[in-house]
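Hi everyone, thanks for coming. I'd like to walk you through a structure that may be new to you, so have a look at it while I talk.

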Amino acid sequence: MIEAAADALVQLVTVENLGFMMLGVSIGLCVGVLPGLSGTSGMAVLLPFVFGMDPVTGMALLIGMASVVHTADTFASVLLGVPGSAGSQATIMDGYPLAQQGQAGRALSAAFMSSLVGGVIGAVMLFGTILVARPIVLALGSPELFMLALVGLSLVGILSRGDAIAGLLSGVLGLMLGAIGAAPGITIYRYSFDLHYLWDGIPLAVLALGLFAVPELIDLAANKTAISRTKKLVGGRREGLRDVIRHRWLVVRSAALGNILGVVPGIGGAVVDWISYAFAQSTSKNSEGFGSGDIRGVIAPESSNNAKEGGALVPTLLFSIPGSGTSAMLLGGLILMGVQAGPSMVAQNLNVTLTVIWTLAIANVVGTLACLSISGPVARLSLISGRRILPFLVVLIVIASFQTTRNVGDVIALLAVGCLGWVMKRYRWPRPPLLIGFVLSVGAERFLFRSMSRYGFEWLTRPLVLVFATLVAVIVVTGVVQSVRHAARMRRAQVAVAEDEGDGRSS
Amino acid sequence: MSTPGDPITPRNPLVVNARGKLVLAVFHTLVFAFMAYQAISFRMQARPFPLSMGTLGVVIGIAAVVLYTRRLLVLSRELPPVSAREAPGGDSSATTPTTSADGAATDGPAPARDLQAIAEEIRSGGAEEIDVRTAAAFFGWWVAYPVLLFAVGLTLATLVFVTGYWRAVVKGSWPRSVLVAVVLVVLMLVVQSLLNLRVPGGYLIGDLPFGLV
């Protein structure tokens, strides 16, 4: 196997293959930087070009693009508080507060370094799991996948920062918004109000941009402030790199988690980073700073979302089961190049499989170096007044949202969700749970539907279902306990503040 | 922040925040009730998920409305009197349970350092202090660009929008405003052609010379 891996590396390292990989990496970086565009959009652009290509060259192009999207999408998440893509939503929780504190350079470099390590770990784990992943993937049926969706949903308590009931409402609203459009397995269009646009539901990119980008940019402009509330940037690239070394085990843990979750088809990249974030928060000491600029809140999701790409390739390449839109397009690309993915891929096209792994590792290194080299100047953008950057971002975001379904409804939905997002932001109503609920809604309903159709209520007694149910219970109880503690501390502080200021007046 | 004995004015950020949360809780509950009611009319296969989630949402929503109403009422009265022993750095061993802002008994003192940090959080824990009219004006700019885009297409809309914005908001000179707009248009056209992005054609003015949209 080692010999085959070495042969694959030799086969990959040609001017032509490396050139196409660099082209893929460049496009992936552009796609990642632009908010709202995902790896699927990049794949859609590249797919027509791989027809008839040599499989190694074509995969270098496609994998080169897909592997760096989640590295470059950090720019928007950290600097604008806008998810650069669905996989970098959790990074905004601490990345954006760090940028507001003038530490954008530190946050970006820590994110890129974690992405690099996560991506390489993902590639190594892909290599290791190729032979042993089959029983794991086959052990997960619809009931287990439904429970995994519930694990993701149960995170809303942890992510609500002390207002669990608002978080729950927000999460349920996300689930309900996700139910808009066609029902699974039947041609019924729910809550569409006879609008053709709503037949396919509200697009995720539009919801994410409206919920986060519009309110954030309106407030930046209205407050006449820059993203950074300090006048000088503090904590540069070196500090970010030191952070990654200091929290090296968090990087490894998050990468492993991301990789394992990536193997599970249907979970999707949009959830992996949230799970990783919540996992880091609940397992770290002194986790009070999470959500207000803790570098660990950047490191964990960034490490996992790049590692997830390696995991997602396991079911895609070995079982022809695409876990996401990007993987589905990758499968299409393989077919265009005359390669059939599936269990026989390791036997008949081992060289292609191994070059995919090498491309994944090399592209991550190249992408990270490129991002690191421009992170300094880009971080300075956080010092520019919000009023000056608003017109550029309005143009960019409106055009980006229009790409989703290329319908005028995209822009109307963007503005409507933007209004809701602004009200939620103003009253500190938690927005991330809404996004999580929305992302999980379609999968959860589909898996529940299949579970009930196939097993009735018997699926509730399956061993793995019980394990996941226990995990959900633990997460919910932990979230509730944290909320109760937080509320109690706030109450005590409220009393203390009142007395403190009363003393001040009387003296 | 109000002091003990002073009624909290409606402009207190904590009250504004509690009021906003109550409105949001009512909004969520009404949305869930409507969606659950609609779900009853769906065919069997399409019904269980929205009906069960909608019902769950209504239950949580009613609980939230009760909770936030109670919180608002308590905050609208006075903050409770406290003894010196509960203050930061006070004699923690002698602390007695006290009634909090939402009527619950607290469960012991917090370390003084923590309290100072959390006190800051409380001060900033109310509604965000943003001028609603200014925010609405900027939302107007968000609406203006898509309207222009669908009316006259990418090139003209971006030119008009950015020039107008730069003149009106940033107070830039005419030449600079036009220059900024032209640079952005060129950038957008390059990105559009590189990534094969689709942009809406203008309903009033269609294609422009030189293949511009």
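I'll go through a helix, a pair of helices, two loop residues and then the other chain. One thing up front: this is a predicted model.

Let's start with helix H7 of chain A, which covers residues 104–129. How far apart should the ends of those 26 residues be? At 1.5 Å a residue, the expected span is 38 Å, and the end C-alpha atoms sit 36 Å apart, so the two values agree. And how much of H7(A) is buried? Mostly it's covered, with 19 of its 26 residues buried.

Now to a helix pair. When two helices pack, people describe them by the angle between their axes and the distance between the axes. Here the pair is H12 of chain A, residues 204–222, and H21 of chain A, residues 408–426. Their axes come within 7 Å and cross at roughly 55°. Angles from 35 to 65 degrees fall in the oblique range, and therefore H12(A) and H21(A) count as oblique to each other. The crossing of H12(A) past H21(A) is right-handed.

Who's touching whom? On the H12(A) side, the contact residues include Val206(A), Leu207(A), Gly210(A), Val214(A), Pro215(A) and Ile218(A). On the H21(A) side, among them are Ala413(A), Leu414(A), Val417(A), Gly418(A), Gly421(A) and Trp422(A). There's some charge in there too, including Glu216(A) and Asp219(A) from H12(A), and Asp410(A) and Lys425(A) from H21(A). The tally for this contact is 12 nonpolar, 3 polar and 4 charged residues.

Next, a couple of backbone details in loops. Take Arg406(A), in the loop between helix H20 (386–402) and H21 of chain A. Its phi is near 60°, which is a positive value in a residue other than glycine. Is Arg406(A) buried or exposed? Neither, quite: Arg406(A) is partly exposed, with a relative accessible area of 38%.

Follow the chain past H21 and you get to Arg428(A), in the loop between H21 and helix H22 (432–455) of chain A. Arg428(A) isn't a glycine, yet has a positive phi of about 50°. Arg428(A) is partly exposed as well, at 36% relative accessible area.

Last stop, chain B. What is chain B built from? The count is 6 helices and 0 strands, and along the sequence the pattern reads α-α-α-α-α-α. Chain B has 213 residues, and 42% of them count as buried. If you take its contacts between residues at least 6 apart in sequence, 54% join residues at least 24 apart.

That's my tour, thanks for listening.

Definitions and conventions: Residues numbered from 1 in each chain as written. Chains lettered and ligands numbered in written order. Predicted model: local features only at pLDDT ≥ 70, side-chain atom pairs only at ≥ 80, totals over all residues. Heavy atoms only, no water. Helix = DSSP H or I, 4+ residues; strand = E, 2+ residues; numbered from the N terminus. Expected span 1.5 Å × (residues − 1). Buried < 20%, exposed > 50% of the residue type's maximum accessible area, 1.4 Å probe, protein only. Axes fitted to C-alpha atoms, helices over the stretch in contact; angles between N-to-C directions. Parallel < 35°, antiparallel > 145°, perpendicular 65-115°, else oblique. Left-handed = near helix turned anticlockwise from the far one by under 90°. Contact = heavy atoms within 4.5 Å.
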